[in-house]
Amino acid sequence: MSGNGSAEGVDAPFFDALLTPYRSLGTTGFSVLMAVTGGVCLIAGLGFLALGAWPVFGFLGLDILLIYLAFRWNYKAANAYEEVRVSRTEILVRKVNPRGGHREYRFNPFWARLHVRKEEDEGVVRITLAMRGQKVDIGGFLNPEDRTSFAGALQAALAVARSGGPLPPSLPPPLPTGAAG
């Protein structure tokens, strides 16, 4: 084994979080929503068409198209994510946008400062990591409950990094020394 292999093991990340936007409506729910909305608009549109108000039928079709496009845009935005890794010597924040482009921010855990902004009725509303003029907001798309949980976990990881890293796995207990002689 080369010296590089052991050095990588010493500085392996001990905290690794993948933050993704929450989407409550899955593909099945989306299909049901579009079928129900389309059915209601079709029935209402046929009623207006029978009354001679034919332009309403077209506008109801436009409504369905706009709802469909809005949900598709929302699902595309869900492809964005943030990755936060903490090792003994580095904090890596990788932000990936919906199109796949990414930016990386690297911080030294000893110099980086974690700023957590809390509001009384909402909990944590903003998490910012800063060092020497460079700053990055983390988890902006999380709900306040998840943001609070993540902020606590990240603070704990930074404390571990500043103390020299996690403890190595415990070694087996030492064997008893010479009882028989």
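Mentor: Let's start with a term we will need: a residue counts as buried when its relative accessible area is under 20%, and as exposed when that value is over 50%. Keep in mind that we are looking at a predicted model.

Trainee: Thanks! How many helices and strands are there in the protein?
Mentor: Follow the chain from the N terminus, and the elements run α-β-α-α-β-β-β-β-β-β-α. Counting the two kinds of element gives 4 helices and 7 strands.

Trainee: What share of the residues of the protein counts as buried?
Mentor: The cut-off for buried is a relative accessible area under 20%. Out of the 181 residues of the protein, the share that meets it is 25%.

Trainee: Let me try the cut-off on one residue. Is F30 buried or exposed?
Mentor: Good choice, and the number settles it. The relative accessibility of F30 is 6%. Buried means under 20%, so F30 counts as buried.

Trainee: How many aromatic pairs does the count come to?
Mentor: Two rings pair if their centres lie within 6.5 Å. By this rule, the number of aromatic pairs is 5.

Trainee: Take the rings of F30 and Y68: what kind of pair are they?
Mentor: A pair of aromatic rings is described by the distance of the centres and the angle of the planes. For F30 and Y68, the centres are 5.9 Å apart and the planes are at 40°. Planes under 30 degrees apart would be stacked and those over 60 edge-to-face, so the pair of F30 and Y68 is tilted.

Trainee: And how many residues apart in sequence are the parts that this pair ties together?
Mentor: Look at where each ring sits: F30 is in helix α2, while Y68 is in helix α3. Because the two lie in these separate helices, the pair ties together parts whose separation in sequence is 38 residues.

Trainee: How does Y68 count by its relative accessible area?
Mentor: The relative accessible area of Y68 is 35%. That value falls between the cut-offs of 20% and 50%, so Y68 is partly exposed.

Trainee: What kind of pair do the rings of F30 and Y75 make?
Mentor: Here the ring centres of F30 and Y75 are 5.7 Å apart, with the planes at 90°. Planes over 60 degrees apart take a name of their own, so the pair of F30 and Y75 is edge-to-face.

Trainee: How many residues apart are F30 and Y75?
Mentor: F30 belongs to helix α2 and Y75 to helix α3. Their pair links distant parts of the chain, and the separation is 45 residues.

Trainee: Which residues do ring pairs link into a cluster with F30?
Mentor: You have already met two of them, since F30 pairs with Y68 and with Y75. Ring pairs join F30 into a cluster with Y68, F71 and Y75.

Trainee: Now for the helices themselves. Are α2 and α3 roughly parallel or antiparallel?
Mentor: Two packed helices are described by the angle between their axes and the distance between the axes. Helices α2 and α3 pack at about 170°, and their axes are 7 Å apart. Angles over 145 degrees have a name, so α2 and α3 are roughly antiparallel.

Trainee: How many nonpolar residues are in the contact of α2 with α3?
Mentor: Residues including F30, L33 and M34 in α2 meet residues including W54, V56 and F57 in α3. The residues of this contact include 3 polar and 1 charged, and the number of nonpolar ones is 18.

Trainee: T37 is in helix α2. Which residues is T37 in contact with, leaving aside its neighbours within four places in sequence?
Mentor: T37 has a relative accessible area of 18%, so it is buried. It is also among the α2 residues that meet α3. With those neighbours in sequence left aside, the contacts of T37 are I64 and I67.

Trainee: Away from these helices, is L129 buried or exposed?
Mentor: L129 is found in strand β6. Its relative accessibility is 0%, and the cut-off is under 20%, so L129 counts as buried.

Trainee: Last one: which residue that is not a glycine has a positive phi of about 45°?
Mentor: Look in the loop between β6 and β7. The residue there counts as exposed because its relative accessibility is 71%. The residue with this positive phi is R132.

Key: Residues are numbered from 1 along each chain as its sequence is written. This is a predicted model: local features need pLDDT of at least 70, side-chain atom pairs count only at pLDDT 80 or more; totals for chains, interfaces and linings use all residues. Side-chain values use heavy atoms; hydrogens and water are left out. Buried means under 20% relative accessible area, exposed over 50%, partly exposed in between (1.4 Å probe, protein chains only). Contact means heavy atoms within 4.5 Å. Axes are lines fitted to C-alpha atoms, for helices over the stretch in contact, and angles run from 0 to 180 degrees between N-to-C directions. Angles under 35 degrees count as roughly parallel, over 145 as roughly antiparallel, 65 to 115 as roughly perpendicular and the rest as oblique. Ala, Val, Leu, Ile, Met, Phe, Trp, Tyr, Cys and Pro count as nonpolar, Asp, Glu, Lys and Arg as charged, and the others, Gly among them, as polar. Rings of Phe, Tyr and Trp (its six-membered ring) pair if their centres lie within 6.5 Å; planes under 30 degrees apart count as stacked, over 60 as edge-to-face and the rest as tilted.
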